Amino acid sequence: MSKDVAIIGVGQSAFVRGYEGSIRELAFEAYSEAMKDAGITSKDIEASVIGSAPEYDKQRSPSGLMAEYLGLNPQPTFNVESVCSSSTTGLWLAYSMIKAGLYDPVVVLGFQKMSEITSADSQERMGRGADIMWESPFGTMMPAYYAMHAQGHFARYGTTEEDLALIRVKATSYGKINEKAVYRKELTVEQCLESAVVASPLKVFDCCANADGSSCMILASADKAKEISSKPVYVLGIGSGTASLTMTGRNTLYGLDCAKVAAKEAYEMAGLTPQDIDVAEVHDCFTIAEMMAYENLGFAEPGKGAELIRNRETYIGGKIPVNVDGGLLSKGHPIGATGGSQVRTIVLQLRGEAGDMQVPGAEIGLVHNIGGVGIYGNVIILGR
Amino acid sequence: MGFEKFGQISFTAQSKVGDDFVDYLEKGELRGTKCTKCGTTFFPPCAECSNCLSEEMEWIKIEGTGNLISFTEVNYGPTGFENDVPYILALVDFDGVKVFGRFSKDVSTEKLAVGASAKAETVTYEDGQVGYQFLPA
């Protein structure tokens with residue numbers, strides 16, 4: 001088990017619709033919370049990594065702006081992008097830099113102000129995260145791609161629309177108690193099933209809530225972490241994988257291979273198995289994505305994911321609580337900020353600071369963050 | 001003509017394989033490429049082989065009956081496709097060569113199931129753009 005790098009501070013803005021400020025001010029909210037959490041100031045930071053999906057930003061090359069606004073000049077700054085997994089890709093980069101002995105500590109900041117463009121434009125731009133030569137000309141978008149995975153999962157395993165609705169109902173029960181979530185209402189299975197079909201079989205409530213938001217993580221070497229922090233959370237394992245961007249290159253449409261590759265790497269590095277995980281944050285951009293994550297991460301056998309949610313095993317008190325902060329579905333999904341927010345949730349869980357959302361006695365946590373329709377997969381295992 | 005003629009809306013005009021691909025569509029043929037050195041097949045067509053790095057490719061016909069891997073009926077289109085809905089996107093496997101596209105407008109999802117047979121045909125749209133579409137087989 002690796003315990004060379006720790007997370008010593010986390011922060012997150014509220015995830016909201018239509019943030020009334022600029023991206024620099026949005027970023028500052030998460031940054032300031034994380035820095036206060038770590039008990040350090042900008043001059044203590046040796047490098048910064050900034051994650052966002054740039055098609056939403058009017059500002060070009062936002063890392064330059066953020067380094068200036070957050071007081072991080074003249075230290076080096078790096079911009080990373082892997083669509084929805086940008087900030088955990090940032091974590092991966094920060095982890096590597098610290099392990100290599102280059103910079104320590106390193107701040108990873110993710111942000112997205114998605115409200116700068118319309119929802120239709122947003123769908124079109126997200127759709128262009130897929131193959132623009134061969135697929136976008138047919139009118140593709142994210143819900144459609146995930147809908148094809150849902151259809152594939154239904155056909156192979158007998159999963160139903162009700163099973164997916166159960167996942168959303170769980171998300172809303174936790175979104176309701178998360179003060180930083182954008183969607184605070186509770187939904188019933190009936191309400192989910194009656195909502196308009198976006199791309200069959202996925203309905204409005206199978207889709208995550210777009211939001212503006214920011215997240216921040218501060219990483220340090222184990223030695224530095226012990227100097228600075230009384231409550232470091234260690235990166236025990238980290239894995240990353242990819243799959244073909246074009247659907248024609250995929251082996252199957254009922255799971256995400258990039259997640260399986262990333263999970264295997266992370267479990268092996270940590271010397272842990274799925275049964276060792278006490279709490280998980282998975283990338284539920286759509287309900288079907290959480291269902292596939294149960295199976296791709298080994299929380300359920302392939303095809304048995306539906307049983308987990310039917311038996312409420314992914315609620316607090318169940319075998320493996322998943323997305324007990326509301327997930328992307330209810331907490332919201334500001335692309336570049338999402339991974340950092342997932343990591344923050346797990347760090348708070350492992351420190352016993354998750355309030356009403358606390359999983360009692362959680363010691364090992366996992367983050368699963370996906371970019372695009374399973375193009376990029378990052379899995380991170382954390383422990384005290 | 002160039003690759004800007006491909007599909008309802010083309011997002012890019014230039015590709016080494018684009019002109020030939022569109023020419024074949026206009027002749028009623030859907031084609032992918034095959035590496036003449038190692039035999040790897042590609043759809044979408046590629047000008048280069050990622051397996052053996054050869055640039056010697058030949059065009060192969062995609063024909064016959066394929067297997068429907070998955071599909072979805074889209075009710076809310078992204079920018080540029082708002083008035084096109086509903087339409088059915090699908091992935092069809094033609095004996096190991098997978099093709100992504102749409103079903104013909106007159107096909108309803110009730111007639112479709114994962115694992116069902118499907119075939120592809122070339123199509124010319126009202127505005128002169130060219131493409132291909134799937135039909136149940």
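These exercises work through a predicted model with chains A and B.

**Exercise 1. The nonpolar core**

Task: Find which residues touch the most other members of the largest nonpolar core, and which helix gives the most to this core.

Solution:
- Start with the core itself. The largest nonpolar core has 171 residues.
- Ile7(A) and Leu219(A) touch the most other members.
- Next, take the helices. Helix α1 of chain A, residues 23-38, gives the most to this core, with nine residues.
- Now look around Ile7(A), setting aside neighbours within four places in sequence. Its contacts are Met217(A), Ile218(A), Leu219(A), Pro232(A), Val233(A), Val235(A), Val343(A) and Val347(A).
- As background, nonpolar side chains tend to be buried together in soluble globular proteins.

**Exercise 2. Where chain A touches chain B**

Task: State how many residues each chain gives to the contact, then describe the side of chain A.

Solution:
- Count by chain. Chain A supplies 29 residues and chain B supplies 36 residues.
- List the elements. On the side of chain A that touches chain B, those giving two or more residues are α4 (119-127), α5 (142-157) and β5 (197-199) of chain A.
- Pick the main contributor. α5(A) gives the most to this side, with six residues.
- Sort by class. This side of chain A has 16 nonpolar, 10 polar and three charged residues.

**Exercise 3. Helix α6 of chain A**

Task: Compare the expected span of α6(A) with the distance between its end C-alpha atoms. Then decide: is the helix largely enclosed by the rest of the structure, and why?

Solution:
- Work out the span. Helix α6 of chain A covers residues 161-175, which is 15 residues. At 1.5 Å a residue it should span 21 Å.
- Check it against the model. The end C-alpha atoms are 21 Å apart, which agrees.
- Count the buried residues. They are 12 of the 15, so α6(A) is largely enclosed by the rest of the structure.
- Read the list. Among the buried residues are Asp163(A), Arg168(A) and Lys170(A), along with Leu164(A), Leu166(A) and Ile167(A).
- Find the cover. It includes α5, α7 (189-194), α10 (287-296), α11 (305-310) and α12 (327-330) of chain A.

**Exercise 4. Strand β8 of chain B**

Task: Give the sense in which β8(B) pairs with β6(B) and with β7(B), parallel or antiparallel.

Solution:
- Take β6(B) (residues 97-103) with β8(B) (residues 130-136). They pair in the parallel sense over two bridges. Arg102(B) has Gln133(B) as its bridge partner in β8(B).
- Take β7(B) (residues 117-124) with β8(B). They pair in the antiparallel sense over seven bridges. Lys119(B) has Leu135(B) as its bridge partner in β8(B).
- Finish at the hairpin of β7(B) and β8(B). Five residues lie between the strands, and Gly128(B) takes a positive phi near 95 degrees.

Methods
Residues are numbered from 1 along each chain as its sequence is written. Chains are lettered from A and ligands numbered from 1 in the order in which they are written. This is a predicted model: local features need pLDDT of at least 70, side-chain atom pairs count only at pLDDT 80 or more; totals for chains, interfaces and linings use all residues. A nonpolar core is a set of buried Ala, Val, Leu, Ile, Met, Phe, Trp, Tyr and Cys residues joined through C-beta atoms within 7 Å. A residue is buried if 20 or more other C-beta atoms lie within 10 Å of its own, exposed if 12 or fewer, and partly exposed in between; C-beta atoms are placed from the backbone. Helices (H or I, at least four residues) and strands (E, at least two) are DSSP runs, numbered from the N terminus. Two residues are in contact if their C-beta atoms, placed from the backbone, lie within 7 Å. Ala, Val, Leu, Ile, Met, Phe, Trp, Tyr, Cys and Pro count as nonpolar, Asp, Glu, Lys and Arg as charged, and the others, Gly among them, as polar. The expected span of a helix is 1.5 Å times one less than its number of residues. Two strands pair if DSSP finds at least two bridges between them.
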